[in-house]
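Me: Please take a close look at the salt bridges in this structure, and at the surroundings in which they are set. A connected account would suit me better than a list.

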Amino acid sequence: MRRLSTFNIVSLTLGFAFLYIPMVILVVYSFNESKLVTVWAGFSTKWYGELLQNEAMIDAAWVTVKVAFFSSTIATVLGTMAAYVIVRRGRFFGRTLFSGMIYAPLVMPEVITGLSLLLLFIAIGLDRGVLTIVLAHTTFSMCYVSVVVSSRLVSFDDSLEEAALDLGASPFEAFRLVTLPIIAPAVISGWLLAFTLSLDDLVIASFAAGPSATTLPIKIFSSVRLGVSPEINALSTIIIAIVTVGVLTASIVSKRQITQRLKEEAQAD
Amino acid sequence: MAASGNNEVFAPWKDRDAVPLIRIDQITKRFGDFTAIDNVSLDIYPQEFFALLGPSGCGKTTLMRMLAGFETPSEGRITIDGVDMASVPPNKRAVNMMFQSYALFPHLSVWDNIAFGLRRDSQDKDQVAARVEEMLKLVQLSQFARRKPHQISGGQRQRVALARSLAKAPKLLLLDEPLGALDKKLRQETQFELMDIQEKTGTTFVIVTHDQEEAMTVASRVAVMNNGQLVQVETPEVIYEQPSSVYVADFIGDVNLIEGSVAALGEGAELAWAEGRASLIGQLGAALSKGQSATFAIRPEKIAISSDEPLDRRNRVRGKILDIGYLGNLSTYHVELPEGPVVKCEVGNRSRIERRDFTWEDEVWLSWSDTAGLVLAR
Ligand SMILES: Nc1ncnc2c1ncn2[C@@H]1O[C@H](COP(=O)(O)OP(=O)(O)OP(=O)(O)O)[C@@H](O)[C@H]1O
Ligand SMILES: [Mg+2]
């Protein structure tokens, strides 16, 4: 380990302070006794209790989790399939166009994605609710999954699949028994990424959500417009905790994946 | 060597009625504008142990991959057991291949790797287990059955790959450098195992090897390849004793090559090689005409070395010892002829005294019989 110079320590501290001071303040005030957000009146967990009583909030939370689960699962299946075809099936007609189109939503402004989805739902007469939010989230998180999975597939040794075919496995069995278990860590981190993206999303969800279902970010955003309440602070603290756990899991999984890959590469030598 | 039961010599390629297992018919394979396999035709017969030999990049793996079904020929046709392979996918071919890179499944244990192919045939569990155990014993890896591929050594991995490809007892087994990473002893044991398996199961083997000694030991026939073409396809003895070209002679074993031109053609051929010297006499190894430039090829072990002039032999040359190498069972002498060429000669060390006969700078005579050398087109 190298020792850090004073300059490095200062820049590191400043950087992290910049990133985390707002969140720390939010977490601290969620335990504030007072109703006034800016005045400290002693420690209390009463806002967490009140949050649990707030049914609209709980409903929104439940919708958010459901949407995140289904959209990330569908996005993982579709994204993995797309990555597989683009990376592994060699050159086919329209491959460049197809792969370009998969990644386009990554750089597309969310407002445009949301608006176009809204127009589509209206055009085909789909009532806005949980289903439309799931569809909308699947659409944009699928490309993230396919980026993560295809970066793993690029370094996947073709001869493993050939060996499976050679031993009598059908192409689907070869995928299920050999390719999928090997790329599983990438697929899992793709799923986690899609899941967190869906949890966070406000812009696209507000286009796709209707009166029958709102997600937590929409709910929070609209209640904050009426004034910040300590209840929202408590909720945000819970969300921060969940996201932290999610990010940690994802990074552990992908770290394992890297170690695993290094091992495989060492084996190939 | 592949045996066919009785004392008959196994040589189906000489039998007009024999039906080949593999028929490779004018195959060409191009990658872009690079031709990896150039119009190759070849018949391989059931129960052969067929070796492919050639320098790196000459197309051995590519030829194997076409047999296994991973590459489609750009031109030509491959028939296995009478069936045109053009539309048969790899998983439907009764062919197993051992990959040059082993291609072991990293997420499966040694045991599961070997069982993989057996399970695809939906054999029952006990049968699979018995077969896997048998294979593990064969490659001496029983105690490593539960390990993952990255937890064993390179040579052990190679043996797992071998066991995996053998497990299904396929009709045709393609081995791409199966024994490269093994030490000499294990290598020889495995060679004999392979020959044993071959005799027991009647499997046809096509084996790629860089080791010509291995090709000589195990193969019923050897194909020497160069730049995507077959240079010569023959039994090991013929390849060694009667190479059809300088390329083959030079590729297989040690050989002395002396340049010259054809002086006379009779029962053998005479090669004029130096001003004022008697011609060298050898067998005619290729169609040649008088006056054409040619090369005289003679194996080092066919040359005798002596201090007195061997007047009973017509092929004799005089030179000075440049270098002596002692290899345990034999000694090699590099003798420089005043005409230019350096000739290598190998003498067995039957007694201790024999190898002390000569030392550096000694003037010696080299000689060989009229039929020991070959005159080949350049
Ligand atoms: N997929 C491919 N695309 C382009 N060129 C290829 C491809 N596969 C093989 N080649 C080329 O074809 C030639 C023959 O390759 P091949 O792998 O058959 O050689 P080899 O005889 O097995 O060599 P080695 O002994 O080193 O394994 C090489 O020049 C190689 O670069
Ligand atoms: Mg090769």
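Reply:
**Salt bridges and their surroundings**

Glu33(A) and Lys46(A) form a salt bridge, with 3.5 Å between their closest N and O atoms; the term denotes a side-chain nitrogen of Lys or Arg within 4 Å of a carboxyl oxygen of Asp or Glu. Glu33(A) belongs to the loop between helix H1 (6-30) and helix H2 (46-53) of chain A and Lys46(A) to helix H2 itself, so the pair ties together parts that are 13 residues apart in sequence. Helices (H or I, at least four residues) and strands (E, at least two) are DSSP runs numbered from the N terminus. Glu33(A) is partly exposed, its relative accessible area being 32%, and Lys46(A) is likewise partly exposed, at 36%. On this scale, buried means under 20% relative accessible area, exposed means over 50%, and partly exposed lies in between (1.4 Å probe, protein chains only).

The model is predicted: local features need pLDDT of at least 70, side-chain atom pairs count only at pLDDT 80 or more, and totals for chains, interfaces and linings use all residues, while side-chain values use heavy atoms, with hydrogens and water left out. Residues are numbered from 1 along each chain as its sequence is written, and chains are lettered from A and ligands numbered from 1 in the order in which they are written.

Over all chains, the count comes to 23 salt bridges. Within chain B, Asp81(B) and Lys171(B) meet in one of 2.6 Å, N to O. Asp81(B) sits in the loop between strand E4 (75-80) and strand E5 (83-84), and Lys171(B) in the loop between helix H4 (154-166) and strand E7 (172-176), so this pair ties together parts of chain B that are 90 residues apart in sequence. Asp81(B) is partly exposed at 43% relative accessibility, and Lys171(B) is partly exposed at 42%.

Another pair in chain B is Glu339(B) with Arg277(B), whose closest N and O atoms are 2.5 Å apart. Here too loops are involved: Glu339(B) lies between strand E17 (330-336) and strand E18 (342-348), and Arg277(B) between strand E12 (269-272) and strand E13 (280-284), so the salt bridge ties together parts that are 62 residues apart in sequence. The relative accessibility of Glu339(B) is 28%, which counts as partly exposed; that of Arg277(B) is 47%, also partly exposed.

Between chain A and chain B the count is two salt bridges. Glu173(A) takes part in a salt bridge with Arg120(B), with 3.4 Å between the closest N and O atoms. There is also a network of salt bridges that links Glu162(A), Lys29(B), Arg65(B) and Glu71(B).

Within that network, Arg65(B) belongs to helix H1 (residues 60-68) of chain B. Arg65(B) is buried, with a relative accessible area of 16%. Leaving aside residues up to four places away in sequence, Arg65(B) touches Glu162(A), Phe70(B), Glu71(B), Met97(B) and Phe99(B); contact here means heavy atoms within 4.5 Å. Arg65(B) and Met97(B) are 32 residues apart in sequence, yet their C-alpha atoms are 8.5 Å apart in space.

The wider contact between the chains takes 21 residues from chain A and 23 residues from chain B. Together the two chains bury about 2000 Å², of which 61% is on carbon and sulfur atoms; buried area is the accessible area (1.4 Å probe) that two parts lose on being put together, summed over both. Seven residue pairs are in polar contact between the chains, both residues being at pLDDT 80 or more. Helix H7 (158-166), helix H8 (171-200) and helix H11 (230-268) of chain A each supply at least two residues of the side of chain A that touches chain B. H7(A) gives the largest share of that side, seven residues. A polar contact is a pair of N or O atoms within 3.5 Å; within protein, one must be able to donate a hydrogen and the other to accept it, and residues adjacent in sequence count only if both atoms are side-chain atoms.

Helix H2 (residues 110-120) of chain B has eight of its eleven residues buried, so it is largely enclosed by the rest of the structure. The buried residues include Trp111(B), Ile114(B) and Phe116(B). Their cover includes H7 and H8 of chain A, together with helix H3 (125-138) and H4 of chain B. Just after H2(B), Ser122(B) takes a positive phi of about 45°.
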